[in-house]
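Here is a quick walk through one protein, from its overall make-up down to a few side chains. Keep the structure open and follow along.

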Amino acid sequence: MNVESELRESDHFATITDLWLSRTTEPYISLMTSFFPGEHTGDNIAQEMRENAVKGDNRISRATGVCKKLVCHFSHSWKKRVALEQAQKHLNLPVHGLITECQTRWSRVLMINRILEQQKALHEVLSEDRNTRHLILGHQDPDVLESVSKALGSLLEFTAALSGEDYVSVSHIKPILNLFNTTILAPEEGDTDMTKSLKKKMLYMNSKYEERVTQELLDVASFVDPRYKTQYISVNDIPIIKARLVSEMKTMEHKPKIMHSVECTRVEEVSPPVVGGGPPPTKKAKKSLASFFKISTASATVPIDPTAVIEAELSAYMQSSTIDNEEDPLLWWRTHKVNFPRLSNMARKYLCIQATSSPSETF
């Protein structure tokens, strides 16, 4: 993505930068930019919030508003909590407390699910007091809450699984988008119109990765991940990805390398130091029979085409089996970099682009 052009076209944006060192003391810097359409006035912010997939529906706003009032009421009255527990036992419902919503968590879904679970007990307690009858869910509220729960429930489970991962790289993005489109947010039989609408709105994330440059980056990252390779790449795009990798590996081959090696010389004979402090006389080492063959072989060696070597390595990688999704791709590359020395450098480059948090020590 062309960052300069994105910033030039936006009148208002915020940036956050971060610096850190990896465990191998390699320095990293990140820059995150957030865009907002227009000035940060109260009206603009309110309008942006109203256009959100969940908050943009008045039926959802009403139903979730009633839920929050319910939770607030029971959290401030121990008598109501005792009455709720008695009603739960009477109706053979789980003795569970209500859940408070937190804006930075998935607790809204948990709050909704708990109220749906305890709907009968809540109705029994609230209907006994005319001062609390207004907190009883309306006739369409349960259906609305069920639709929201159905749309967001699978995302809740997925987010919990994703946050439990130790290392999430950019190579996950294309597989995750595919999972959203084909499974998690795909319409199902029995979905209400509201559930279908919510799922469709949440798939706006597809538009975030539509640019060709971004797609190519995601394709390359998925390609060098031994769990996915070409699984989520269009057949027409595979030659483009291969050409890009070949070009990058050829460029890397021509970069000067810093060698850290120690040369060892066999001493044939040590002469005693010369009296007077002068340097000792040097003795010419004898040539071995093998040294003549080395000279002959070196002059007859045919130059190897670097492009052919790189393409052969790339083909061998593509023909190797993908690994299980539960396996660690960084550990796989640490083990197989001897077989794919050039491609392992590409994996180091692209798999270290993380989707969350900071880079960990790789291979």
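The protein has 15 helices and two strands. Bear in mind that this is a predicted model. Of its 363 residues, 33% count as buried. As for how the chain folds back on itself, take the contacts between residues at least 6 apart in sequence: 66% of them join residues at least 24 apart.

**An aromatic cluster**

Let's start with the rings. A pair of aromatic rings is described by the distance of the centres and the angle of the planes. The count of aromatic pairs in this model comes to nine. In one of them, Trp 332 and Trp 333 have ring centres 4.9 Å apart and planes at 90 degrees; that angle is over 60 degrees, so the pair is edge-to-face. Trp 332 also pairs with Phe 340, and here the centres are 6.2 Å apart with the planes at 15 degrees, which is under 30 degrees and therefore stacked.

Which residues do ring pairs link into a cluster along with Trp 332? The members are Phe 223, Tyr 317, Trp 332, Trp 333 and Phe 340. Tyr 317 has a charged companion too: Lys 229 lies over the face of the Tyr 317 ring, at 4.5 Å from its centre.

How buried are these rings? The table gives the values for some of them, along with two polar residues that come up again below.

| Residue | Relative accessibility | Status |
|---|---|---|
| Trp 332 | 9% | buried |
| Trp 333 | 0% | buried |
| Phe 340 | 7% | buried |
| Gln 88 | 1% | buried |
| Thr 195 | 1% | buried |

**Helices against helices**

Two packed helices are described by the angle between their axes and the distance between the axes. For helix α3 (residues 58-75) and helix α6 (residues 119-127), the axes come within 13 Å and cross at roughly 65 degrees. The crossing of α3 past α6 is left-handed. On the α3 side the contact is made by Leu 70, His 73 and Phe 74, and on the α6 side by Leu 122, Val 125 and Leu 126.

Helix α8 (residues 173-184) is worth a look for its length. A straight helix of twelve residues would span 16 Å at 1.5 Å a residue, but α8 spans only 14 Å between its end C-alpha atoms. Its buried residues are Ile 173, Lys 174, Pro 175, Ile 176, Leu 177, Phe 180 and Ile 184, so a lysine sits in that list too. What covers them includes α7 (141-163), α9 (193-202) and α10 (212-223).

**Two buried polar residues**

Thr 195 lies in helix α9. With 1% relative accessibility, Thr 195 falls under the 20% cut-off and therefore counts as buried. Leaving aside neighbours within four places in sequence, Thr 195 is in contact with Ser 147, Lys 150 and Ala 151.

Gln 88 is found in helix α4 (residues 78-90). What does Gln 88 touch, not counting residues up to four places away in sequence? The list runs Leu 93, Pro 94, Val 95, His 96, Gln 118 and Ala 121. Gln 88 is buried as well, at 1% relative accessibility.

Notes. Residues numbered from 1 in each chain as written. Predicted model: local features only at pLDDT ≥ 70, side-chain atom pairs only at ≥ 80, totals over all residues. Heavy atoms only, no water. Helix = DSSP H or I, 4+ residues; strand = E, 2+ residues; numbered from the N terminus. Buried < 20%, exposed > 50% of the residue type's maximum accessible area, 1.4 Å probe, protein only. Contact = heavy atoms within 4.5 Å. Phe/Tyr/Trp six-rings, centres within 6.5 Å; stacked < 30°, edge-to-face > 60°. Lys NZ or Arg CZ within 6 Å of the ring centre and 35° of its normal. Expected span 1.5 Å × (residues − 1). Axes fitted to C-alpha atoms, helices over the stretch in contact; angles between N-to-C directions. Left-handed = near helix turned anticlockwise from the far one by under 90°.
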